[in-house]
Amino acid sequence: MKKFLMLLVIVTLSLTTAFAQEAERKSASKTVEFLSKDGSFFKKEFYDLPTIGNTYDKVDCQVLIITDLKTNEKRGCLRLTTYYRSSVANDSYIGTLDPDELDACIMCFEKIVSEITVAPATTYTEVEYKTRDGVQLGTYWNDKKSEWRTYVQTKAYSSRSMSSVSNDNVSSLINNLKRAKEMISDKTSK
């Protein structure tokens with residue numbers, strides 16, 4: 001009986017530790033902060049941009065425009081949704097990019113395309129842009145396949161939120177980032 005109880009305690013502690021590692025951190029996104037105001041009355045408009053990727057490695061892109069109907073203040077952001085599919089779970093993860101983060105993210109991907117992924121790496125290398133909301137976008141050298149792997153990870157605390165972006169789709173992702181910046185500027189300035 002003692003062995004059973006000891007085994008039960010060990011399993012419980014192991015599971016608790018595993019779940020604690022997946023704990024979500026508080027977002028520092030200005031848009032998420034704006035949405036969490038108490039006593040607010042919001043209108044949220046979602047504008048779809050082209051999906052990047054395929055069924056298994058896809059990233060849905062949306063521009064979200066939020067209007068505080070009490071003050072008429074408008075804010076916007078780019079929402080990225082990634083998916084994890086397995087035999088036991090189908091999960092989706094959403095991350096945001098504030099408008100002031102889009103220029104740096106665009107620059108990051110343009111450098112990835114024009115300077116970094118044009119030649120093989122001589123050592124394991126990662127290039128990454130991280131947003132206030134914990135979205136990580138970048139590329140890394142995959143030694144096993146001798147290729148660069150570009151990705152979007154919408155939640156820093158979970159590798160399940162990572163989707164690969166094929167080399168063919170990186171330019172589509174850059175276009176979505178640029179379109180999002182233009183849409184947010186246009187729709188929040190009115």
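This is a short tour of two sheets, two nonpolar cores and a few ring contacts, to follow in your viewer. Keep in mind that the model is predicted.

**Stop 1: the sheet that starts with β1**

Select β1 (42–53), β2 (58–68) and β3 (74–85), then add β4 (90–97). You're looking at an open sheet of 4 strands, ordered β1-β2-β3-β4 and paired antiparallel. At the edges sit β1 and β4, each pairing on one side only. From one strand to the next, the twist averages 25 degrees.

Zoom in on β1 and β2, where 10 bridges hold the antiparallel pairing. Pick F46 and look across: L64 in β2 stands opposite.

Now bring in the helices. α3 packs on this sheet by touching β3 and β4, and its direction makes about 100 degrees with that of β4. α4 packs on the sheet too, touching β1, β2, β3 and β4, with its direction at about 160 degrees to that of β1.

While you're here, show two lysines. K58 lies over the face of Y83, 4.9 Å from the ring centre. K187 does likewise over Y47, at 4.5 Å from the ring centre.

**Stop 2: the cores**

Which residues touch the most other members of the largest nonpolar core? Select L78, L80, L97, F109, L137 and L177; the core has 28 residues in total. β1, β2, β3, α3 (99–116), β5 (126–130) and α4 (167–188) are the elements that give two or more residues to this core. α4 supplies the largest share, with 7 residues. As a rule, nonpolar side chains in soluble globular proteins tend to be buried together.

Centre on L137 and display its surroundings. Leaving aside residues up to four places away in sequence, L137 touches L80, L97, C105, C108, F109, V127, E128, Y129, T131, Y151 and V152. There's also a second, separate core of 5 residues; F34, F42, I66 and C77 are among them.

**Stop 3: the sheet that starts with β5**

Swing over to the other open sheet, where 4 strands run in the order β5-β6-β7-β8 with antiparallel pairing. β5 and β8 (162–165) are at the edges with a single partner strand each, so one side of each has no neighbour in the sheet. Here the twist averages 25 degrees from one strand to the next.

Select β7 (residues 147–153) together with β8: the two run antiparallel and are joined by 4 bridges. Click T150, and you'll find V165 as its bridge partner in β8. Then turn α3 back on. This helix lies across β5, β6 (136–142) and β7, running at about 15 degrees to β6.

**Stop 4: the aromatic pairs**

How many aromatic pairs does a search of the whole structure find? There are 2. Start with Y140 and Y151: the ring centres are 6.0 Å apart and the planes meet at 50 degrees, so this pair is tilted. Y140 belongs to strand β6 and Y151 to strand β7, 11 residues apart.

Turn on a surface and check each ring: buried or partly exposed? Y140 is partly exposed, with a relative accessible area of 22%, while Y151 counts as buried at 5%.

Finish on W141 and W148. Their ring centres are 5.3 Å apart with planes at 70 degrees, so the pair is edge-to-face. W141 is buried at 8% relative accessible area, and W148 also counts as buried, at 9%.

Terms used: Residues numbered from 1 in each chain as written. Predicted model: local features only at pLDDT ≥ 70, side-chain atom pairs only at ≥ 80, totals over all residues. Heavy atoms only, no water. Core = buried A, V, L, I, M, F, W, Y, C linked by side-chain atoms within 4.5 Å. Buried < 20%, exposed > 50% of the residue type's maximum accessible area, 1.4 Å probe, protein only. Contact = heavy atoms within 4.5 Å. Pairing = 2+ DSSP bridges. Axes fitted to C-alpha atoms, helices over the stretch in contact; angles between N-to-C directions. Phe/Tyr/Trp six-rings, centres within 6.5 Å; stacked < 30°, edge-to-face > 60°. Lys NZ or Arg CZ within 6 Å of the ring centre and 35° of its normal.
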